[in-house]
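Thank you all for making time this morning. I would like to walk through one protein with you, starting from a single pair of charged side chains and working outwards from there.

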Amino acid sequence: MPNSVVAPTPTENFVGPVLTVQGLSKTYGKLQALHNVNLEIEPGEIFALLGVNGAGKTTMIECICGLQAHFEGQISVAGFDVRKEYARARQITGLVPQELNFDGFFRSLETVSSQGGYFGLRQPDQKARALMKRLSLEGKEKDNTRNLSGGMKRRLMIAKALMHDPALLFLDEPTAGVDVELRDDLWEYVRELRGNGTTIVLTTHYLEEAEKLADRIGIINRGRLLLVERRDHLMDKFGRKRVTLRTAQPLPKHLSRELRIYQWEEGQENEYHFHFRRDETEPTLPRLFELLGQYGVSITDVETRQSRLEDIFRELLQSDDETTS
């Protein structure tokens with residue numbers, strides 16, 4: 001992307017949460033899409049909302065952004081009720097939905113500029129050109145949107161959502177179908193937006209994206225918000241490290257009694273897997289090496305693997321499914 005920076009600035013300074021969700025429930029016939037969701041999001045953070053398809057992520061965003069008016073509970077954006085004070089709440093909110101929502105026969109500049117017109121912007125073409133340049137769409141202003149690549153269309157959606165300088169921006173699967181290089185550029189831009197004070201709510205199936213970007217993470221399953229944690233706290237609380245030791249000789253049988261305090265299993269010949277919680281690895285691993293040395297066990301190789309957010313996510317969903325089934 002070009003080095004020049006054209007980043008949106010929040011429209012107002014907020015005291016307290018920029019988003020408050022209380023007791024949010026939504027049903028479609030007999031389907032309970034959301035069940036008693038409570039959430040607060042602070043100004044200037046990147047919040048990742050994670051869940052499998054059908055978990056309730058998009059429904060929740062639609063309720064917050066005014067696309068769903070019939071739900072139970074209360075939602076306010078910067079103190080404005082999204083139903084009673086829709087216009088004020090919508091002025092503060094930007095949305096990049098999963099699905100493309102522009103006319104394929106419009107030119108790119110017209111598509112972005114017209115969004116500014118909805119919010120009363122003067123000279124929207126100037127703002128639209130600046131955003132398109134920042135999102136590597138310079139030179140595409142006169143192209144019909146149907147002729148753009150998938151990645152360009154996704155960037156055009158982001159430019160469109162930023163036209164009115166929203167203080168709260170929802171990115172619903174923003175890098176779906178985007179190549180790796182462009183994904184890195186978009187990540188950089190998201191950080192730039194946050195650094196400028198914009199609050200961002202991100203949904204993604206690329207868990208690496210959430211792991212790299214998010215300050216806090218929420219996990220939703222079957223319409224219920226299972227947990228909300230700071231990313232680093234989540235990784236420390238649920239993260240695991242697997243340490244694989246290869247030894248010159250099998251472990252003595254009488255050593256098994258000493259190893260009861262460890263979670264471990266045998267692998268291939270003279271290979272042993274030890275599992276540690278992320279926050280306890282440092283104090284216990286040296287003791288393990290010392291113990292093996294006391295019994296004359298020679299270690300020939302050590303391999304470690306740290307659990308990723310994806311591992312934690314799968315484990316939490318599996319546990320929840322087993323509990324509720």
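Let me begin with R194 and D215, which form a salt bridge in which the closest N and O atoms are 2.6 Å apart; by salt bridge I mean a side-chain nitrogen of Lys or Arg within 4 Å of a carboxyl oxygen of Asp or Glu. R194 lies in helix α6 and D215 in the loop between α7 (207-213) and β9, so this pair ties together parts that are 21 residues apart in sequence. Helices and strands here are DSSP runs numbered from the N terminus, with helices being H or I of at least four residues and strands being E of at least two. R194 is partly exposed, at a relative accessible area of 24%, where buried means under 20%, exposed means over 50%, and partly exposed is what falls in between, with a 1.4 Å probe and protein chains only.

Before going further, some words on the source. This is a predicted model, in which local features need pLDDT of at least 70 and side-chain atom pairs count only at pLDDT 80 or more, while totals for chains, interfaces and linings use all residues. Residues are numbered from 1 along each chain as its sequence is written, and side-chain values use heavy atoms, with hydrogens and water left out.

By the salt-bridge rule, the count comes to 16, and I will take two others from that set. One of them joins E45 to R216, with the closest N and O atoms 2.8 Å apart. Since E45 sits in the loop between β2 and β3 (46-50) and R216 in strand β9 (residues 216-221), the pair ties together parts that are 171 residues apart in sequence. E45 is buried, with a relative accessible area of 7%, and R216 also counts as buried, at 17%.

R216 comes up again when we look at E229, which is placed in strand β10 (residues 224-230). Which residues is E229 in contact with, leaving aside its neighbours within four places in sequence? They are R216, I217, L234 and K237, contact meaning heavy atoms within 4.5 Å. E229 is itself buried, with a relative accessible area of 17%.

The other salt bridge I would like to show links R222 and D321, whose closest N and O atoms are 3.4 Å apart. R222 lies in the loop between β9 and β10 and D321 in helix α10 (residues 309-324), so here the parts tied together are 99 residues apart in sequence. Both partners are partly exposed, R222 at 45% relative accessibility and D321 at 29%. In addition, salt bridges that share partners join R246, E271, D301 and E303 into one network.

Let me return to helix α6 and its packing. The axes of helix α5 (residues 150-161) and helix α6 (residues 180-195) come within 12 Å and cross at roughly 10 degrees, which makes α5 roughly parallel to α6. The axes are lines fitted to C-alpha atoms over the stretch in contact, with angles running from 0 to 180 degrees between N-to-C directions; angles under 35 degrees count as roughly parallel, over 145 as roughly antiparallel, 65 to 115 as roughly perpendicular, and the rest as oblique. From α5, the contact is made by G151, R155 and I158, and from α6 by L182, L186 and Y189.

Another helix, α3 (residues 108-118), holds S113, which is buried with a relative accessible area of 8%. Apart from its neighbours within four places in sequence, S113 is in contact with P124, D125, A128 and M163.

Two backbone positions deserve a look. N36, in strand β2 (residues 31-41), has a phi near 50 degrees, a positive value in a residue other than glycine. S136, in the loop between α4 (124-134) and α5, likewise has a positive phi, near 60 degrees.

To close, the whole protein. There are 10 helices and 14 strands, and of the 325 residues, 47% count as buried. Residues 24 or more positions apart account for 71% of the contacts with a separation of 6 or more. Along its principal axes, the C-alpha trace spans about 80 × 45 × 35 Å.
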